[in-house]
Amino acid sequence: DSEEKPQGYTKVPKDQAEMTKLAAKGSPTVTKPTSKSDDSKEFASLLRIYSVLTRSEKMRLLLSATTAFLSGMTLPFFVILLGSGIRSFGKDDLSEEERKEALVEIGIWFIVLGVVSCIVGYFWLSGFITMGQRTLQRLRLKYLRALLMQEVGW
């Protein structure tokens, strides 16, 4: 293995014995140049997956992404509410009754935020799952049609 190989290529086995030897070493046997243009082609081919979606499904996907963003935005608000609750314990100028009222208000906000988080989380999760299932079903159908159009000898 002292021969110089171009960067981005792996050695091609010449026969079965050499392939077995390389596999035992854990060496890849596929020769494919690695370059930035290959990465961009793979990314472009991934975007082609969305070409099977209808306009309404693309809107549902956008809605799911928006609700996923909103679901993520609830987490910082939980931290803010928790900080407010802890801060209300440290205030010496509040009477016992005022402190209870502040904590009850924070508790109510926790419940409201939790319900909103559950509802929004349901919509983004169900939306992405549904879109994934529909997209995969259409891709499988396209693949089967293309496969059935091939010659039998292929």
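**Reading a helix pair, step by step**

Me: I've got the structure open and two helices caught my eye. Which way round is the crossing of H3 and H4?

Reply: The crossing of H3 and H4 is left-handed. Keep in mind that this is a predicted model.

Me: How do people describe a pair like that?

Reply: For two packed helices, you give the angle between their axes and the distance between those axes. Here, helix H3 covers residues 55-90 and helix H4 covers residues 96-148. They pack at an angle of about 160 degrees, and their axes are 8 Å apart.

Me: What does that angle make H3 relative to H4?

Reply: Angles over 145 degrees count as roughly antiparallel, so H3 is roughly antiparallel to H4.

Me: Which classes of residue make up the contact of H3 with H4?

Reply: Sorted by class, that contact has 20 nonpolar residues, eleven polar ones and five charged ones.

Me: Let me zoom out. How many helices and strands are there in the protein chain?

Reply: The protein chain has four helices and zero strands. Reading from the N terminus, the order of elements is α-α-α-α.

Me: What share of the residues counts as buried?

Reply: The protein chain has 154 residues, and 16% of them count as buried. As for the accessible surface, the chain's total is about 12600 Å², with 65% of that belonging to carbon and sulfur atoms.

Me: And how do I read contacts along the sequence?

Reply: Take the contacts between residues at least 6 apart in sequence: 58% of these join residues at least 24 apart.

Me: Can we look at one residue? Where does Val120 lie, and is it buried or exposed?

Reply: Val120 lies in helix H4. The cut-off for buried is under 20% relative accessible area; Val120 has 13%, so it counts as buried.

Me: What does Val120 touch, leaving out residues up to four places away in sequence?

Reply: With those left out, Val120 touches Thr67, Leu70 and Ser71. You can also compare sequence and space: Val120 and Phe69 are 51 residues apart in sequence, while their C-alpha atoms are 9.2 Å apart.

Me: Let's follow one of those partners. Where is Ser71 found, and what does Ser71 touch?

Reply: Ser71 is found in helix H3. Again not counting residues up to four places away in sequence, Ser71 touches Ser117, Val120, Gly121 and Trp124. Ser71 has a relative accessible area of 14%, so this residue is buried too.

Technical notes: Residues numbered from 1 in each chain as written. Predicted model: local features only at pLDDT ≥ 70, side-chain atom pairs only at ≥ 80, totals over all residues. Heavy atoms only, no water. Axes fitted to C-alpha atoms, helices over the stretch in contact; angles between N-to-C directions. Parallel < 35°, antiparallel > 145°, perpendicular 65-115°, else oblique. Left-handed = near helix turned anticlockwise from the far one by under 90°. Nonpolar A, V, L, I, M, F, W, Y, C, P; charged D, E, K, R; others polar. Buried < 20%, exposed > 50% of the residue type's maximum accessible area, 1.4 Å probe, protein only. Contact = heavy atoms within 4.5 Å. Areas by Shrake-Rupley, 256 points an atom, 1.4 Å probe, with all protein chains shown as cover.
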